[in-house]
Amino acid sequence: MAKKLTDYVGDTILIRSIPINEEHPVFVKLVAVDDGGIWIESQDATEHLLQQFKRTSAPKTAIWFLPFAQIAWILGTEDYPSMSEKSLGL
């Protein structure tokens, strides 16, 4: 049975989302899932935020809300190995 998005809360996932990084997918920690989107912790976004405020650290970790409409895709994992059929000659 496939996992639900809520099953990934607390895990690192790979997402492609315009607000976070338009050029490539990024790894983020899924903090929560709401009806309209997801809450994430993103090191890329944190670095950007700290640079904007000319800071090297913050007293608390920022989390961002991403509406589902702004997420192109989300990649999670299952607990079994993945192999390349092409590399194995299959």
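This report describes the sheet, the nonpolar core, the largest pocket and two individual residues of a predicted model.

**The sheet**

The strands of the model are arranged in an open sheet of five, in the order β4-β3-β2-β1-β5 and with antiparallel pairing. At the edges of the sheet stand β4 (64–67) and β5 (71–75), each of which has a single partner strand, so one side of each is left without a neighbour in the sheet. Neighbouring strands are turned against each other by 45 degrees on average when direction is ignored.

Within this arrangement, three of the pairings can be described by their bridges and by residues that face each other across them. The antiparallel strands β1 and β2 are joined by four bridges, and in this part of the sheet I13 has V28 of β2 as its bridge partner, while L14 stands opposite F27, also in β2. Strands β2 and β3 likewise pair in the antiparallel sense over four bridges, and the two form a hairpin with three residues between them. Across that hairpin, L30 stands opposite I40 in β3, and V33 stands opposite I38 in β3. Towards the β4 edge, β3 and β4 run antiparallel and are joined by four bridges, with P67 in β4 as the bridge partner of G37. The table sets out these residue pairs.

| Residue | Opposite residue | Strand of the opposite residue and bridges in the pairing |
|---|---|---|
| I13 | V28 | β2; four bridges join β1 to β2 |
| L14 | F27 | β2; four bridges join β1 to β2 |
| L30 | I40 | β3; four bridges between β2 and β3 |
| V33 | I38 | β3; four bridges between β2 and β3 |
| G37 | P67 | β4; four bridges join β3 to β4 |

**The nonpolar core**

The largest nonpolar core of the model is made of ten residues, namely Y8, I13, I15, V26, V28, L30, I38, I40, L66 and I71. At least two residues of this core come from each of β1 (12–17), β2 (26–33) and β3 (37–41), and β2 gives the most, with three residues. Two of the facing pairs described above also belong to the core: I13 and V28 are both members, and they are bridge partners, while L30 and I40 are members as well and stand opposite each other.

Among the core residues, V26 can be followed a little further. V26 is found in strand β2, and with a relative accessibility of 4% it counts as buried, the cut-off for that term being under 20% relative accessible area. The C-alpha atom of V26 is separated by 8.1 Å from that of S42, although the two residues are 16 apart along the chain.

**The largest pocket**

The largest pocket has a volume of about 240 Å³ and is lined by 14 residues, of which T46, L50, A58, K60 and A62 lie nearest its centre. Helix α1 (residues 43–52) gives the most to this lining, with four residues. By class, the lining is made up of six nonpolar, five polar and three charged residues.

**A residue with positive phi**

One backbone feature remains, in the loop between α1 and β4, where K54 lies. The phi angle of K54 is near 50 degrees, which is a positive value in a residue other than glycine. K54 is also exposed, with a relative accessible area of 77%, whereas V26 in the core is buried at 4% relative accessibility.

How values were computed
Residues numbered from 1 in each chain as written. Predicted model: local features only at pLDDT ≥ 70, side-chain atom pairs only at ≥ 80, totals over all residues. Heavy atoms only, no water. 1 Å grid on protein atoms, 1.4 Å probe; cavity = no way out; pocket = protein on both sides within 12 Å on 5 of 7 lines; lining within 4 Å. Points joined across faces, edges and corners; volume = space filled by probe spheres on them. Nonpolar A, V, L, I, M, F, W, Y, C, P; charged D, E, K, R; others polar. Core = buried A, V, L, I, M, F, W, Y, C linked by side-chain atoms within 4.5 Å. Buried < 20%, exposed > 50% of the residue type's maximum accessible area, 1.4 Å probe, protein only. Pairing = 2+ DSSP bridges. Axes fitted to C-alpha atoms, helices over the stretch in contact; angles between N-to-C directions.
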